[in-house]
Amino acid sequence: MRSVEQFRSRCRDLDLKIDAEEAIETAPDSPLAQSIEAGGKLLSNRFVIHPMEGWDGEADGRPSELVRRRWRNFAISGAKCIWGGEAMAVLPEARANPRQLIIQPATEDALKALQEGLLEAHQAEYGTTDDLLTGFQLTHSGRFSRPDASGMQPRILYRHPFLDRKFEIPSDYPVLTDDEVRYIIDRFVVAAGIAERCGADFVDVKHCHGYLGHEFLSAVTRPGPYGGSFENRTRFLREVVAGIRASTSELRIGVRLSAFDFAPYRPDPDHSRGTRLGPGVPEDFSSSLPYRFAFGARQDHPVEYDLSDTMRFLALLRELDIDLVNVTAGSPYYNPHIQRPALFPPSDGYQPPEDPLVGCDRQIRATAEVKRVCQDMYVVGTGYSYLQEYLPQVAQWAVRSGRVDAVGLGRMVLSYPTLPCDTLRIGSLNKKRLCRTFSDCTTGPRNGLVSGCYPLDPEYRKRPEAAIVRKIKASL
């Protein structure tokens, strides 16, 4: 697409609601440069860095030099909210990969140094950190725990008719007990205390992407105090929040939420050949209706969203005095096209079943519905990286029209960390650094390699792993 008008025309052809402004505006006029109060601070722009799950920490859960480099890039990006920076596991066995950071007493000093390095780099680049909001994302990987090289070691809350089969979880595999859940809650509270001592302004109690917090929201079939009713499915959040509030002083709390989920997808077997992936098709859920295993999905047709429960959850956040909300969707493990729209699939995924712009539109529309009922909350949007050249113009439109308060960037800042700064200072982008959604930053880690942008980041392009990733992608 060579122009904004061509982009708009494509969106009209697809009957999408996305719009894009004609030109990239610079500060101070751009809507992306307008200040906003969030987390007790006055932030001077509307860009946010999303938390990402690194596969390049040390084996003991401390940050490596690659992690420190990534955080320095976050610091100089120009974004005024660093939402988590990194997904930090609250227990060693809660890691999604053997190189994920762990937030526990043994790693506290290293995480404090990581946070201080971020603040120092931002101070050096922009002269102040008074308008910078930083948080640590606290996570338990739950069903997708892979704490060491031996493979998946799931911690599940209930039997899932499709995910158990997809990820080969035996029928007699144990479900987390209520006592184990209470222990995990205690670890979240301990981790929040560490985050506060490290200097974070807030913690994100993660409820997205199929991990444990998210799985609680769909635990309709789980018996006991942590499953079944909406009250029971949100007990985990309420007890974590109560524990954090009782043990910290000024620490704020936020939630990154998969506002909707769909049934799992798989490559279409009729269009897959050997290692060549077919387009994604949903699992046959016809015998499982009403479908009760996807939070925020229609029970009669779980490949469309229904935000009824989502709105109840947001009302609960308001009751808990939580006003930092980061909206995302789905899971990278079983329906990545709704979570991070991309033209090229990761090695364990499927070809996109729709134009990825449809996925961008779906997330932007759902986030706008959230914002309409959450005027008193700081709402961050997701799903913008695939927009590439037109990301700033769409972001301007979304913020100016009140559909979202701030625009979050994830994989885009792996390839192009200074996009926020370039947008607001010079009103143009370095197109050679734009993320083209090759999914190498997922394919590498899925195959045990460190995370990063192998095609576009000069540091990663020269690493030996880059050749391995290219070989894997060629086979697909």
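This is a short tour of the model, stop by stop, with what to select at each one.

Before you start, note that this is a predicted model, in which local features need pLDDT of at least 70 and side-chain atom pairs count only at pLDDT 80 or more, while totals for chains, interfaces and linings use all residues. Residues are numbered from 1 along each chain as its sequence is written, and side-chain values use heavy atoms, with hydrogens and water left out.

**Stop 1: the barrel**

Switch to cartoon view and find the 8 strands that close into a barrel, in the order 3-4-5-6-7-10-11-12, with parallel pairing. Strands (E, at least two residues) and helices (H or I, at least four) are DSSP runs, numbered from the N terminus; two strands pair if DSSP finds at least two bridges between them. From one strand to the next the twist averages 25° (axes are lines fitted to C-alpha atoms, for helices over the stretch in contact, and angles run from 0 to 180 degrees between N-to-C directions).

**Stop 2: strand 12 and its neighbours**

Select 406-409, which is strand 12. Strand 11 (378-381) runs parallel to it, joined by 2 bridges, and Gly381 stands opposite Val407. Now add 47-49: this is strand 3, also parallel to strand 12, with 3 bridges between them. Here Phe47 is opposite Val407. Are the residues of strand 12 buried or exposed? Ala406 and Gly408 on one side, and Val407 and Leu409 on the other, are all buried (under 20% relative accessible area; exposed is over 50%, partly exposed in between, with a 1.4 Å probe and protein chains only).

**Stop 3: strand 6**

Jump to 202-205. Phe202 and Asp204 point one way from strand 6, Val203 and Val205 the other, and all are buried. In a regular strand, side chains alternate between the two faces of the sheet. Strand 5 runs parallel to strand 6 through 4 bridges, and Gln137 has Asp204 as its bridge partner. Strand 7 (252-258) is joined to strand 6 by 3 bridges, again parallel; look for Val203 paired with Ile253.

**Stop 4: the core around Phe136**

Show Phe136 and Ile103 as sticks. These two have the most contacts inside the largest nonpolar core, which has 122 residues. Such a core is a set of buried Ala, Val, Leu, Ile, Met, Phe, Trp, Tyr and Cys residues joined through side-chain atoms within 4.5 Å. Helix 5 gives the largest share of this core, 10 residues. Leaving out residues up to four places away in sequence, Phe136 touches, among others, Trp71, Met88, Ile103, Leu111 and Phe202 (contact means heavy atoms within 4.5 Å). Apart from this core lies another, of 12 residues, including Ile36, Leu43, Trp83 and Leu324.

**Stop 5: helix 3**

Select 108-126. The 19 residues of helix 3 should span 27 Å at 1.5 Å a residue, and the end C-alpha atoms are indeed 27 Å apart (the expected span is 1.5 Å times one less than the number of residues). Colour Glu108, Leu111, Leu114, Gln115, Leu118, Ala121 and His122: they are buried. They cover an arc of only 165° around the axis, so they sit on the same side of helix 3 (the arc is that of the directions from the helix axis to the C-beta atoms). Asp109, Glu120 and Ala124, on the other side, are exposed. The cover over the buried residues includes helix 2 (65-76), strand 4 (81-89), strand 5 (133-139) and helix 5 (178-198). After helix 3 comes Gly127, with a positive phi near 85°.

**Last stop: Ser475**

Finish in helix 17 (465-475), where Ser475 lies. At 35% relative accessibility, Ser475 counts as partly exposed. Pick Gly274 as well: the two are 201 residues apart along the chain, with their C-alpha atoms separated by 9.4 Å.
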